[in-house]
Amino acid sequence: MPIEMENYKLLIIDNDIDNLKLMVSIFMEQLPFSKCYQCNNPEKAMDIAKEVKPNLIITDWDMPQMSGIELIKQFRASSFAKETPIIMATGVMLTANHLKMALDAGAMDYIRKPIDAIELIARTRAALLITSYYQEIVKQKDQELTESSLHMIKSSEYISDFEQKVDTITQKMDININDAKAQLKALKEELKFLSKEDSWRRFSVSFSKVHQDFERNLTSKHPNLTPTELKLSAFIRLGMHNKEIASILHLSSDSIKVSRYRLRKKLKVETGENLEVYFLQF
């Protein structure tokens with residue numbers, strides 16, 4: 001989830017003390033629970049950022065010790081502020097080329113002086129939200145990579161296990177063909193079951209990320225639903241047809257059709273009412 005907009009740390013860098021006081025006062029009034037760190041020396045700003053790890057950095061452009069452009073480049077080259085959103089503030093460098101320079105250096109946004117309170121708060125919120133959503137996407141992708149890696153490990157274990165079973169059955173072929181056939185049939189059923197469970201697990205993980213409360217809300221109104229009926233409900237919620245559901249669950253389309261009919265009766269959904277639309281409320 002995105003960070004709470006009131007609970008973050010801001011680092012403001014400007015060699016003009018009055019500008020620092022103005023921006024701090026605006027944040028204290030508009031976002032009273034935020035924590036502001038001030039710095040009028042860009043050379044010291046790196047140490048402060050490394051220590052406090054701010055959620056947002058606002059820096060002036062025209063400073064005697066170091067330009068805002070050079071400071072941003074240093075932040076982007078660091079390990080502690082490489083992805084921290086940075087807003088450039090300036091009352092001198094105001095052209096389109098200047099804006100491009102700031103963005104190319106690594107600034108996320110650009111605000112002109114004299115500072116307008118409404119614009120400052122709006123750009124601050126936008127920068128924080130964009131960064132927060134980006135971090136959430138990266139986190140989700142990392143989770144997907146982890147899940148994929150675990151799946152590969154599990155699949156490798158399954159394959160190794162099946163290879164051993166096939167070797168055992170092969171050795172029995174010449175001794176007891178009927179016993180070997182029975183074991184092959186059992187192996188086929190086991191493979192079908194594992195494939196079915198794996199397909200559902202993958203679907204369930206992805207579905208839960210998007211519709212986190214669906215199962216909880218549905219079982220709250222219909223507590224007598226079985227795990228199989230909950231699976232079917234999730235597929236229907238996405239608008240999947242019987243043939244598609246059957247393919248995932250390794251069942252026949254007719255079997256899904258019957259299960260769907262029984263589910264409708266259990267939910268007491270009228271024949272004329274769309275079952276997919278019914279599930280949209282959960």
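Glu 119 and Arg 123 both belong to helix H5 (residues 117–172), where they stand four residues apart, about one turn of the helix. In this predicted model, the side chains of Glu 119 and Arg 123 meet in a salt bridge with an N to O distance of 2.8 Å. The count of salt bridges comes to seven, and the points below take up some of them together with one pair of strands.

**Salt bridges and exposure**

- Within the H5 pair, Glu 119 is partly exposed at a relative accessible area of 27%, and Arg 123 is likewise partly exposed at 26%.
- Arg 216 and Asp 213 form a salt bridge through their side chains at 3.3 Å, N to O; Arg 216 counts as exposed, with 52% relative accessibility, whereas Asp 213, at 38%, counts as partly exposed.
- The side chains of Glu 229 and Lys 266 meet in a salt bridge at 2.8 Å, N to O, and this pair links distant parts of the chain, since Glu 229 lies in helix H8 (residues 227–237) and Lys 266 in helix H10 (residues 253–267), 37 residues apart.
- Glu 229 counts as buried because its relative accessibility is 16%, under the 20% cut-off, while Lys 266 is partly exposed at 28%.
- Asp 14, Asp 60 and Lys 113 are joined into one network by salt bridges that share partners.

**Strand pairing and crossover**

- Strand S1 (residues 9–13) and strand S2 (residues 35–39) run parallel and are joined by five bridges, and Leu 11 has Tyr 37 in S2 as its bridge partner.
- Between S1 and S2 the chain passes through helix H1 (residues 17–30), making a β-α-β crossover that is right-handed.

Methods:
Residues are numbered from 1 along each chain as its sequence is written. This is a predicted model: local features need pLDDT of at least 70, side-chain atom pairs count only at pLDDT 80 or more; totals for chains, interfaces and linings use all residues. Side-chain values use heavy atoms; hydrogens and water are left out. Two strands pair if DSSP finds at least two bridges between them. Helices (H or I, at least four residues) and strands (E, at least two) are DSSP runs, numbered from the N terminus. A crossover is right-handed if, with the strands pointing away from the viewer, the path from the first strand over the helix to the second runs clockwise. A salt bridge is a side-chain nitrogen of Lys or Arg within 4 Å of a carboxyl oxygen of Asp or Glu. Buried means under 20% relative accessible area, exposed over 50%, partly exposed in between (1.4 Å probe, protein chains only).
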